[in-house]
Amino acid sequence: MHVTAIIAAGGRGQRFGGAQPKVLVAVGGRPILERSVMALLTHPAIDALVVALPQALIDSPPAYLRSAGAFALGGSGKALRMVAGGGRRQDSVANAFRVTEAHTDIIVIHDAARPFASAELIANTIAAAAESGAALAAVQARDTVKRASPDQGPAGAGRDVTGSSVSGFSRTVAETLDRATIFLAQTPQAFRRDVLRQALEIAERDGLDASDEAALVERAGFPVRLVDGETSNIKITTPADLPIAEAIARSATDRSAKAFALQGVDKRGVSSDNEGFSSWEREGVGGSERESVSFSEREGFSRAAPARTGRAGTGYDLHRLVAGDLHRLVAGRRLVLGGVTIPFDRGGLGHSDADVICHAVTDAIFGAACLGDIGRHFPDSDPRWKDASSLDLLARAVALAAEHGFEVGNVDVTVVLEAPKIRDHVDAMRTAVAQAIGIDAARVSIKGKTNEGVDAVGRGEAIAAHAIALIRAIPRIQK
């Protein structure tokens, strides 16, 4: 199934005000648009992305859009296009739709101003659209809903029960609606391509105007399925929304930094042991507890959704060893393993600090989360990563996995080198790697092997590492 996402960011956000489009405003240190773009571009179920933007942004895109383009072109296999937005939201979406590939099966549409949609929500909406033809995320109304009567006069002309003027209100309640039937629409919204095409064609033919694509699809006569939305998936509309958005961004950062502090209860309320994995996950393929849990509960809404059982990923890295300085460790390359500098007369040759342990673990985490590889996220063509600490790159990989709903359970690394012996440094390495990941050192295994004199590693010309990482969906505590 081929899925193309469209981000609607063609307007200026008049209600927000300000000298620049609201999607350029930073929330939690990152622009709103960047958050939305990367949430979709890095999602494993999405194959291509089209962003509808004001022409000025297309002519001079911000750095993160250029980086997103580099990500798309740098081995991800995903297409990223930018198109000019229109006067209305539906015009922007129509412009983007015209450049989608004809073989696309599902179109996902998302507001750029909703930067906190989770990977799970995106996956669930895609799965529902694939099954039903059209779906949108929505949250059920919590408050009592009143339908107001039409204006009874100019604002400020209303009267309270004493006959006194009630400033700013000129309406009365026409009826109270059943909130059980009221849902507040969000994005993402997803549609089979033929369904959305027909809806857009009918809207253009009949001059229809709607606030979202689901409304156009409804008017075209297609049913639209509701998918449980998220209260954190807010739309940033006015400056008053920014404090809430900052709090959500801060919460997400804290969650990625302390992912394993959340162990204890998973999304379904299943108690976990002190390893952070519930008993039904530990029992694997067998066991009576597993038999009572359906496949969809274990794996999520669909196979496109993030797995709720453990996922494993493998990583491998190799670097040539070149002359260093045994005493000063500055004249040549340093030998850095697991964030620890080891005295040796040779060091790893690489764009960063050439830490094969951290690189292998980083690739294992990316692999388990289906997020590509280390070269895609931290390419050696980017000067930002020149001589970078690989512990920092590892921490960034963990944070990215957390943004997609995953935490790291444990990692196991085998370092292959002839010399030096690493056994005296293993504990320090385990501690450093564990701190970068945000887990206890008891969950990090590092061991050394030789290559028995075989090939370049055996001759002492190179150093290599193999790693495996186990990740799982971040548990949500039931209230």
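This is a short tutorial dialogue on reading a predicted protein model.

Me: What kind of model is this, and how are residues numbered?
Reply: It's a predicted model, where local features need pLDDT of at least 70, side-chain atom pairs count only at pLDDT 80 or more, and totals for chains, interfaces and linings use all residues. Residues are numbered from 1 along each chain as its sequence is written, and side-chain values use heavy atoms, with hydrogens and water left out.

Me: How many helices and strands are there?
Reply: Helices (H or I, at least four residues) and strands (E, at least two) are DSSP runs, numbered from the N terminus. Here you'll find 16 helices and 20 strands.

Me: What share of the residues is buried?
Reply: Buried means under 20% relative accessible area, exposed over 50%, and partly exposed in between (1.4 Å probe, protein chains only). Of the 479 residues in this protein, 49% are buried. Take Arg472 in strand β20 (residues 462-473): its relative accessibility is 2%, so Arg472 counts as buried.

Me: How do I read aromatic pairs?
Reply: Look at rings of Phe, Tyr and Trp (its six-membered ring): they pair if their centres lie within 6.5 Å, and planes under 30 degrees apart count as stacked, over 60 as edge-to-face and the rest as tilted. This structure has two such pairs. Phe366 and Phe378 have ring centres 6.2 Å apart and planes at 40°, so that pair is tilted. Phe366 sits in helix α12 (residues 356-368) and Phe378 in the loop between α13 (374-377) and α14 (390-403), so the pair ties together parts twelve residues apart in sequence. For Phe378 and Trp385, the centres are 5.0 Å apart and the planes at 80°, so this pair is edge-to-face. Together, ring pairs link Phe366, Phe378 and Trp385 into a cluster.

Me: And which residues does the salt bridge of Asp412 involve, and where do they lie?
Reply: A salt bridge is a side-chain nitrogen of Lys or Arg within 4 Å of a carboxyl oxygen of Asp or Glu. By that rule the count is 18. Asp412 bridges to Lys447, with the closest N and O atoms 2.6 Å apart. Asp412 is in strand β18 (residues 406-416) and Lys447 in strand β19 (residues 444-449), so the pair ties together parts 35 residues apart in sequence. Asp412 is partly exposed at 26%, and Lys447 is partly exposed at 29%.

Me: Which residues do shared salt-bridge partners join into a network?
Reply: Arg89, Asp111, Arg114 and Glu213 are joined into one network. Within it, the side chains of Arg114 and Asp111 meet at 3.5 Å, N to O.
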